[in-house]
Amino acid sequence: MSAGGRPEVERFTLAQRVEHFVLIITFNVLAFTGLPQKYFWTPWAQAIIRALGGIERTRLIHRTFAVVLILEGLYHLGAVLRARRAGRERGPAGMGVTFQDVRNVVADIAYLLGLRAERPAFDRYDYRQKFEYWAVVWGTVIMATTGLIMWFPEVITRWVPGVVVPAARVAHGGEALLAVLAVILWHFYNAHFRPEVFPMDPAMWTGRIDLERLRREHRAEYERLVEQGVRPSGPPDSSGGAG
């Protein structure tokens with residue numbers, strides 16, 4: 001039950017919420033210690049580097065949290081493989097992009113233009129959430145790869161041309177800036193500033209979602225749960241028929 005007494009269903013496990021919390025911490029620390037290194041000539045960057053104890057201390061903090069992020073990425077990969085082996089996170093419940101997502105994009109644009117009466121019936125993850133998820137995956141791979149190239153240039157250039165080191169520096173800084181802007185403009189809107197969730201979407205913190213919100217925002221998943229007879233954590237007669 002929610003604080004307001006409304007029936008809920010589980011959306012995220014404790015392990016997934018811990019992963020998200022670790023990602024928040026690592027992302028913010030990496031941005032806070034990385035961007036001053038990218039824009040080292042600016043007064044604000046030099047002030048941050050001094051406050052952190054100098055450039056060597058800033059690099060140490062940055063690399064430490066980079067290792068934490070890489071380890072989290074490997075853990076997440078293992079968790080996904082275990083879930084798929086167990087039959088979870090597949091099909092409509094998974095993060096894989098399908099042709100249905102393309103149809104949902106077209107239908108959602110039509111809805112926003114007033115060309116259809118209701119939004120498409122999104123499943124467990126809608127196309128916006130999948131786009132954000134894969135952007136994080138792709139960004140983490142790029143940041144980890146280019147970061148390791150810059151961290152160990154002597155080792156890397158034993159096998160590849162030296163030009164990959166400055167190329168990695170450009171890609172690393174550009175991807176970092178893109179990631180920060182994406183979080184501010186895209187993630188903050190979806191998780192905090194949308195009228196439906198303002199001031200914060202609690203699902204990633206509580207692990208649960210209001211049943212009515214699930215029906216409204218993930219109607220395909222809601223209808224599947226109804227067919228499967230999944231009961232929410234509330235009185236059967238107050239579940240709107242989902243019990």
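This section describes the fold, the helix packing and a few individual residues of a predicted model.

The chain comprises ten helices and two strands, and its elements follow one another along the sequence in the pattern β-α-α-α-α-α-α-α-α-β-α-α. Taken along the principal axes, the C-alpha atoms occupy a box of roughly 65 × 40 × 40 Å. Of the 243 residues of the chain, 33% count as buried. Among the contacts with a separation of 6 or more, 63% are accounted for by residues 24 or more positions apart in sequence.

Three helix pairs illustrate the packing. Helix H1, which covers residues 14–38, packs with helix H3, which covers residues 55–85, at an angle of about 150°, and the two axes lie 9 Å apart. Since angles over 145 degrees are classed as roughly antiparallel, H1 is roughly antiparallel to H3. The crossing in which H1 passes H3 is left-handed, and the residues that form the contact of H1 with H3 comprise 14 nonpolar, eight polar and three charged.

Two residues of helix H3 show how this helix meets its surroundings. His62 lies in H3 and counts as buried because its relative accessibility is 16%, the cut-off for this class being under 20%. Apart from neighbours within four places in sequence, His62 is in contact with Leu30, Thr33, Gly34, Gln37 and His172. Val68, which is also found in helix H3, has a relative accessibility of 33% and therefore counts as partly exposed. With neighbours within four places again left aside, Val68 is in contact with Val22 and Thr26; the C-alpha atoms of Val68 and Thr26 are 7.2 Å apart in space, although 42 residues separate the two in sequence.

Helix H1 also packs with helix H7, here at an angle of about 130° and with the axes 10 Å apart, and the two helices are therefore oblique to each other. The crossing of H1 and H7 is left-handed. On the side of H1 the contact is made by His20, Phe27, Ala31, Leu35 and Lys38, while H7 contributes Gly173, Gly174, Leu177, Ala179, Val180, Val183 and His187. By class, the residues of the contact of H1 with H7 divide into seven nonpolar, four polar and one charged.

Helix H7 packs in addition with helix H5, at an angle of about 155° and with the axes 9 Å apart, and H5 and H7 are therefore roughly antiparallel to each other. In this pair H5 passes H7 in a left-handed crossing. The residues of H5 that make the contact include Arg128, Phe131, Glu132, Ile142, Met143 and Met150, and those of H7 include Val164, Val165, Arg169, His172, Glu175, Trp186 and Asn190. The contact of H5 with H7 consists of eleven nonpolar, six polar and four charged residues. His172, one of the H7 residues in this contact, is also among the residues in contact with His62.

Helix H4, spanning residues 99–112, has 14 residues and reaches 20 Å from its first C-alpha to its last, which is close to the 20 Å expected at 1.5 Å a residue. Its buried residues are Asp101, Asn104, Ala107, Asp108 and Ala110. An α-helix has 3.6 residues a turn, so residues three or four places apart point the same way. The elements that cover the buried residues of H4 include helix H5, which runs over residues 127–151. H4 is followed by Gly114, for which phi is positive, near 80°.

Further along the chain, a cis peptide bond joins Phe198 and Pro199, with omega at about 5°. Pro199 lies in the loop between helix H7, residues 164–193, and helix H8, residues 203–206. Arg213 has its place in helix H9, which covers residues 211–217, and counts as buried because its relative accessibility is 12%. Leaving aside neighbours within four places in sequence, Arg213 is in contact with Arg194, Val197, Asp201, Pro202, Ala203 and His218.

Terms used
Residues numbered from 1 in each chain as written. Predicted model: local features only at pLDDT ≥ 70, side-chain atom pairs only at ≥ 80, totals over all residues. Heavy atoms only, no water. Axes fitted to C-alpha atoms, helices over the stretch in contact; angles between N-to-C directions. Helix = DSSP H or I, 4+ residues; strand = E, 2+ residues; numbered from the N terminus. Parallel < 35°, antiparallel > 145°, perpendicular 65-115°, else oblique. Left-handed = near helix turned anticlockwise from the far one by under 90°. Nonpolar A, V, L, I, M, F, W, Y, C, P; charged D, E, K, R; others polar. Expected span 1.5 Å × (residues − 1). Buried < 20%, exposed > 50% of the residue type's maximum accessible area, 1.4 Å probe, protein only. Contact = heavy atoms within 4.5 Å.
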